[in-house]
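Student: Could you take me through this model step by step, so that I learn how to read the place where its chains meet?

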Amino acid sequence: MNDRHPIEDELKARLAIGPSPELQARIRAKTSEAVPKPSGWFPLGLGLAAASALAMVFVVLNSGTQPPPRPTEVVSQSPVIVPVEPQPPASVPKAAKKAAPTPRLLVASEVDAFPADLTVEKIDLLPLRILDIPSALAPIPQVVFPTASLEPMKFEPFSLDARVEGVNE
Amino acid sequence: MDGYSGRLTASFLTMADDLKREFELRIAESTNLAFRVAFGVLRNREDAEDVAQDAFAKAYRSFSKLRDRESFRAWLVRLTWRLALDHQRSRKRRVLREEIHGEVSGRERSSLEAALESERAERLWLAIDALPEKQRIVIVLANIEEHTTQEVAVLLGLPEGTVKSRLFHARQRLTEILK
């Protein structure tokens with residue numbers, strides 16, 4: 001402030017004037033009309049409450065007046081004829097063929113393991129030992145039935161006369 | 001609930017009363033400052049008073065955030081400066097419009113002549129107006145109410161070094177203009 005320009009003294013003198021005595025009264029009158037804005041958390045809370053209330057009103061109004069869905073336009077079209085060519089049968093890969101075990105009949109030893117009163121409903125309760133896959137995939141043993149124990153079937157001659165006689169009776 | 005709302009209302013009323021009382025104090029101690037800042041731009045007593053009044057009205061609306069004395073004065077000075085510049089611009093436009101239409105009345109002509117009665121005053125204000133705005137506000141504030149550079153720095157929210165530098169450049173520029 002030591003290197004003052006000479007013109008600053010003049011500036012200082014010209015700015016040394018004061019306002020009219022009525023200015024303060026005018027300011028008081030003007031500020032009494034104005035309302036100071038509140039600050040802090042209180043207006044923030046009010047703002048949030050107002051915003052949430054507005055959002056709720058919006059949601060309620062929207063849920064009550066759902067517009068009916070617009071009907072989809074159906075346009076009639078002439079049927080299109082698509083030529084169908086015979087397709088070759090789909091070839092199954094060899095690995096898939098090998099993987100799937102072929103169903104087979106049970107051998108006599110396996111049949112013995114089943115309970116006598118086995119029904120379709122009880123088959124799920126069978127022990128896994130019987131149904132395990134390795135044994136199921138095992139080679140089928142050759143079973144030889146003793147033919148000697150089989151008795152030859154006896155055929156009786158058909159008597160046409162006897163039947164006729166019975167009918168007649 | 002009635003008791004609670006009653007207490008709440010009472011506390012708000014007390015707060016409002018406190019705010020009013022504090023603002024009365026600010027009016028009493030800062031009216032001259034606001035007027036002089038406005039006068040430094042407008043050089044017209046009536047215009048400066050109008051601008052000071054508007055500045056206080058705006059300050060009152062945000063007074064709850066500006067209760068600290070120094071912040072209030074700083075805010076008031078900047079607000080008054082801005083309002084005065086706006087007022088000056090609109091006045092210039094108005095004068096220009098009236099001159100173009102040749103409607104300057106005899107009374108306005110005489111007030112204009114009164115404002116320009118001193119060649120010295122004209123020279124002074126032209127020199128001040130020729131300064132860049134940042135230097136202008138610094139030199140005006142440094143020459144009212146015996147402000148020190150530190151006080152000017154607080155009012156403008158600037159470091160003291162910046163104020164000193166702007167003051168130095170403003171003085172150099174005034175020397176060049178008035179040579």
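What follows is a set of questions and answers about a predicted model.

Student: How many residues of chain B are in contact with chain A?

Tutor: Since the model is predicted, we speak here of computed contacts, which count heavy atoms within 4.5 Å. On the side of chain A there are 30 residues in contact, and on the side of chain B the number is 44.

Student: Which helix of chain B gives the most residues to the side that touches chain A?

Tutor: Several helices of chain B each supply at least two residues to that side, among them helix 2, helix 5 (119-129) and helix 8 (160-177). By class, that side of chain B has 23 nonpolar, 10 polar and 11 charged residues. With 12 residues, the one that gives the most is helix 1 of chain B.

Student: Which three residues supply 18% of the area that chain B buries against chain A?

Tutor: Chain B and chain A bury about 3700 Å² between them, and 62% of this area is on carbon and sulfur atoms. Looking at the part that chain B buries, no other three residues supply more than B:Q53, B:N143 and B:R171.

Student: At roughly what angle do the axes of helix 2 of chain A and helix 2 of chain B cross?

Tutor: Helix 2 of chain A covers residues 22-33 and helix 2 of chain B covers residues 45-61, and the two pass each other in a right-handed crossing. The contact includes A:L23 and A:I27 from chain A together with B:Q53 and B:F56 from chain B, and its residues divide into 6 nonpolar, 2 polar and 5 charged. The two axes come within 9 Å, and the angle at which they cross is roughly 35°.

Student: How many salt bridges does the rule find across the interface of chain B and chain A?

Tutor: Over all chains, the count by this rule comes to 14 salt bridges. One example has the side chains of B:E24 and A:R28 meeting with N and O 2.5 Å apart. Across the interface of chain B and chain A, the number found is 6.

Student: Why does the salt bridge of B:E146 with A:K12 join two chains?

Tutor: The closest N and O atoms of B:E146 and A:K12 are 3.1 Å apart. B:E146 lies in the loop between helix 6 and helix 7 of chain B, while A:K12 lies in helix 1 of chain A, so the pair joins two chains.

Student: Which residue in the loop between helix 1 and helix 2 of chain B has a positive phi?

Tutor: Most residues other than glycine have a negative phi, so a positive value deserves a second look. B:E145, in the loop between helix 6 and helix 7 of chain B, has a positive phi of about 55° although it is not a glycine. In the loop between helix 1 and helix 2 of chain B, the residue with a positive phi of about 55° is B:R43.

Key:
Residues numbered from 1 in each chain as written. Chains lettered and ligands numbered in written order. Predicted model: local features only at pLDDT ≥ 70, side-chain atom pairs only at ≥ 80, totals over all residues. Heavy atoms only, no water. Axes fitted to C-alpha atoms, helices over the stretch in contact; angles between N-to-C directions. Helix = DSSP H or I, 4+ residues; strand = E, 2+ residues; numbered from the N terminus. Left-handed = near helix turned anticlockwise from the far one by under 90°. Nonpolar A, V, L, I, M, F, W, Y, C, P; charged D, E, K, R; others polar. Buried area = accessible area lost by both parts, 1.4 Å probe. Salt bridge = Lys/Arg side-chain N within 4 Å of Asp/Glu carboxyl O.
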